[in-house]
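User: Could you take a close look at the largest pocket in this model for me? I'd like to know what lines it, and then hear about a few residues elsewhere.

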Amino acid sequence: MEAKMVKKDSVKLAGFAVKTRTKDGENLKAIPKFWLDYISDGRCKKLHEESFLERHAEYGACFPENPENSEFTYVIGVEVKEGYNVPDGYHVCTIPQALYAVFSSPPADEANFSSSIQGTWKYIYSEWFPKSGYEFDNGKVDFELYDERCMGETGKICDIYIPVVKK
């Protein structure tokens, strides 16, 4: 799995948020459940019908809250068109500009998609970071990008963006 280095400008998101933490793997259960609820309870459909929507791709972004307690806010959101106002009821936030190492999860079917993404995260932290010459750019936001390659039943791929700086 190779990283592609990309400098990305800031992105304004609108969507929905949940607080979770990495302690005891809480996030590995909370985030997939959050996605299932988001898709099944109508929020996904509603969000994709909004006029402020830039494109039909979703971000799953981790905004650090309390690093000592491994807490963060996880946001499922879409890019907001420049100059558009977002109505009440949505969580609005901005992913800051950063240099990213971008990884693509291995193609997976619907049943294995979540574990494919989690396996990619595990690879990034256990294998790639120790050998890369880079470290996580603290204070920045990592995210998953779910675009047209995530639609359909098989061959689903997700890109993971990790903000980095040279060691």
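Analyst: Here is a walk through the pocket, followed by some single residues.

A word on ground rules: this is a predicted model, so local features need pLDDT of at least 70 and side-chain atom pairs count only at pLDDT 80 or more, while totals for chains, interfaces and linings use all residues. Residues are numbered from 1 along each chain as its sequence is written, and side-chain values use heavy atoms, with hydrogens and water left out.

Let's start with the pocket. The largest one has a volume of about 1,200 Å³. Of its 41 lining residues, Ile 31, Trp 35, Tyr 74, Glu 144 and Tyr 146 are the closest to the centre. Two or more lining residues come from each of α1 (26–40), α2 (43–48), β3 (58–66), β4 (71–79), α3 (113–132) and β8 (142–146). Helix α1 gives the largest share, eight residues. Sorted by class, the lining holds 23 nonpolar, 10 polar and eight charged residues.

Now for the terms. Rolling a probe the size of a water molecule over the atoms shows where empty space is left. Here a pocket is an open set of points on a 1 Å grid over the protein atoms alone, where a 1.4 Å probe fits, with protein on both sides within 12 Å along at least five of seven lines; lining residues have an atom within 4 Å of a point. The volume is the space filled by probe spheres set on the points, which are joined across faces, edges and corners. Helices (H or I, at least four residues) and strands (E, at least two) are DSSP runs numbered from the N terminus. For the classes, Ala, Val, Leu, Ile, Met, Phe, Trp, Tyr, Cys and Pro are nonpolar, Asp, Glu, Lys and Arg are charged, and the others, Gly among them, are polar.

Tyr 74 is a good residue to zoom in on. It lies in strand β4 and, with a relative accessible area of 1%, is buried (under 20%, with exposed over 50% and partly exposed in between, for a 1.4 Å probe and protein chains only). Its side chain makes a polar contact with the side chain of Trp 35 at 2.9 Å and another with that of Glu 144 at 3.0 Å. A polar contact here is a pair of N or O atoms within 3.5 Å; within protein, one must be able to donate a hydrogen and the other to accept it, and residues adjacent in sequence count only if both atoms are side-chain atoms. Not counting residues up to four places away in sequence, Tyr 74 also touches others, including Phe 16, Ile 31, Phe 34, Cys 62 and Tyr 146; contact means heavy atoms within 4.5 Å.

Cys 62 brings us to the cysteines. A search of the whole structure finds zero disulfides, a disulfide being a pair of cysteine sulfur atoms within 2.5 Å. For Cys 62, the nearest cysteine sulfur is that of Cys 158, 11 Å away. Cys 62 counts as buried because its relative accessibility is 15%. The sulfur of Cys 93 can't pair up either, because the closest cysteine sulfur, in Cys 62, is 11 Å off, too far for a bond. Cys 93 is buried too, at 10% relative accessibility.

Next, a buried lysine. Lys 156 sits in the loop between β8 and β9 (159–166), and it counts as buried because its relative accessibility is 6%. The Lys 156 side chain makes a polar contact with the side chain of Glu 110 (3.1 Å), and one of its polar atoms lies 2.4 Å from the backbone oxygen of Cys 150. Leaving aside neighbours within four places in sequence, the contacts of Lys 156 include Pro 106, Asp 109, Phe 113 and Arg 149.

Gly 15, in strand β2 (residues 11–21), is buried with a relative accessible area of 0%. Beyond its neighbours within four places in sequence, Gly 15 is in contact with Leu 47, Ile 76, Gly 77, Tyr 90 and His 91.

Last, the loop between β2 and α1. Asp 24 is found there, with a positive phi of about 60° although it isn't a glycine, and it is exposed at 69% relative accessibility. Lys 23 is in that loop as well, partly exposed at 46%. The C-alpha atoms of Lys 23 and Glu 71 are 8.2 Å apart, with their places 48 residues apart along the chain.
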